[in-house]
Amino acid sequence: MLPTTAKERESLAQARDTLAQLERQFTSESRLEEVTDGRAVVAARGITRTYGRGGAAVHALRDVDIDIAKGRLTAIMGPSGSGKSTLMHILAGLDQPTRGRVSIDGIEITRLKEKRLTQLRRDKIGFIFQSFNLLATLTASENIVLPLSLARRRADEAWRRAVIEAVGLTDRLTHRPAELSGGQQQRVAVARALITRPAVLFADEPTGNLDSRTGSEVLGLLRRSVDEFGQTVIMVTHDAGAASIADRVVFLKDGRVVQDRNRMTRDEIYDTIKNLEAAAVADERSSR
Ligand SMILES: Nc1ncnc2c1ncn2[C@@H]1O[C@H](COP(=O)(O)OP(=O)(O)OP(=O)(O)O)[C@@H](O)[C@H]1O
Ligand SMILES: [Mg+2]
């Protein structure tokens with residue numbers, strides 16, 4: 001029988017919504033299990049992030065599915081405003097999606113309470129920011145072991161030495177950040193991120209504040225951490241040269257993954273990003 005009153009129509013629409021929601025939940029649950037069994041360290045399903053409501057709503061991410069394989073370096077690229085930082089913050093448990101699920105090392109972080117989430121971030125995740133974020137009053141050495149000190153864990157001495165040697169800071173350990181160059185400060189930040197042997201290392205524009213030579217040094221370190229230590233790295237970058245060290249390049253546009261490719265050359269990346277940027281500008285014009 002067709003619904004006749006407004007109330008009947010409304011309850012029918014509600015029932016459809018609930019059904020659709022259940023269906024989505026069911027399919028995303030079974031898919032999530034499939035991938036977390038395998039080599040994916042990070043698995044995200046149906047990630048949607050909307051800021052604001054109604055006509056003013058901004059759809060920063062729209063139904064993004066992504067798996068990050070262990071021991072690989074993945075670059076995330078896309079025009080400004082395409083959702084890169086939002087995606088990284090959600091994958092790292094720094095922000096919650098409006099809808100969707102994320103798991104890290106088999107633990108679904110989108111269900112955790114704040115206290116457990118903080119603990120998980122401390123144990124499983126390393127961060128490198130564009131602006132280094134070192135503590136000014138601590139020496140290089142103290143900054144490097146800070147995540148362990150905070151977790152009341154002792155450094156494995158052999159690992160600590162290996163990390164410090166890898167980043168080439170052996171003779172700068174007693175210096176404070178103000179006494180180090182930008183490149184050296186970022187190397188301290190890389191060592192700090194590696195010291196806990198995190199399941200995933202996230203880097204948001206790690207070379208954004210560096211000149212090209214020191215930028216290359218930092219990229220070389222990230223690459224070595226993958227090749228020599230089996231580290232998993234996810235890096236957001238605007239720079240085609242930086243992304244060319246990645247095993248995989250994921251391109252976002254308008255909150256969606258529009259290309260997902262294995263190793264690309266700098267020129268291929270440059271062309272792809274130029275095309276996406278031009279398309280983004282054209283979209284903006286036509287929506288005015
Ligand atoms: N707190 C917020 N409130 C409202 N809108 C936001 C907020 N944070 C981000 N946005 C919007 O969400 C979209 C995605 O932002 P995001 O910062 O993820 O982009 P991005 O790809 O990192 O860009 P950029 O390359 O400029 O850093 C943008 O349109 C942005 O304006
Ligand atoms: Mg950003």
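In what follows, Ala, Val, Leu, Ile, Met, Phe, Trp, Tyr, Cys and Pro count as nonpolar, Asp, Glu, Lys and Arg as charged, and the others, Gly among them, as polar. Keep that in mind as we walk through this predicted model, beginning at the ligand.

Around ligand 1 you will find Y51, V58, A60, G78, S80, G81, S82, G83, K84, S85 and T86. Sorted by the definition above, this shell holds three nonpolar, seven polar and one charged residue. Which elements supply at least two residues of the shell? They are β2 and α2. Helix α2 gives the largest share, with three residues.

That makes α2 a good place to go next. The helix spans residues 84–91, and its buried residues are K84, T86, L87, I90 and L91. They lie on the same side of α2, because the arc they cover around the axis is only 165°. A general rule helps here: an α-helix has 3.6 residues a turn, so residues three or four places apart point the same way. Note that K84 and T86 appear both among these buried residues and in the shell around ligand 1.

What do the buried residues of α2 pack against? Their partners are six strands: β1 (40–51), β2 (58–69), β3 (73–77), β4 (99–104), β8 (233–236) and β9 (248–253). After the helix comes G93, with a positive phi near 75°.

Some of those strands belong together in a sheet. Four strands, in the order β2-β1-β4-β5, make up an open sheet with antiparallel pairing. At its edges are β2 and β5 (107–108), each of which pairs on one side only. The strand β2 thus brings us back to the ligand, as it is one of the elements supplying at least two shell residues. At the other edge, β4 and β5 are joined by two bridges in the antiparallel sense. Within β5, E108 is the bridge partner of S103.

Now for the interior. The largest nonpolar core contains 70 residues, and V42, V190, A191, V200, L222, M235 and V249 have the most contacts inside it. Take L222 as an example: leaving aside neighbours within four places in sequence, its contacts are L73, V190, A203, V233 and M235.

Finally, step back to the whole protein. Its secondary structure consists of nine helices and ten strands, and 37% of its 288 residues count as buried. Among contacts between residues at least 6 apart in sequence, 68% link residues at least 24 apart.

Conventions:
Residues are numbered from 1 along each chain as its sequence is written. Chains are lettered from A and ligands numbered from 1 in the order in which they are written. This is a predicted model: local features need pLDDT of at least 70, side-chain atom pairs count only at pLDDT 80 or more; totals for chains, interfaces and linings use all residues. A residue is buried if 20 or more other C-beta atoms lie within 10 Å of its own, exposed if 12 or fewer, and partly exposed in between; C-beta atoms are placed from the backbone. The arc is that of the directions from the helix axis to the C-beta atoms. Two residues are in contact if their C-beta atoms, placed from the backbone, lie within 7 Å. A residue is near a molecule or strand if its C-beta atom, placed from the backbone, lies within 6 Å of it. A nonpolar core is a set of buried Ala, Val, Leu, Ile, Met, Phe, Trp, Tyr and Cys residues joined through C-beta atoms within 7 Å. Two strands pair if DSSP finds at least two bridges between them.
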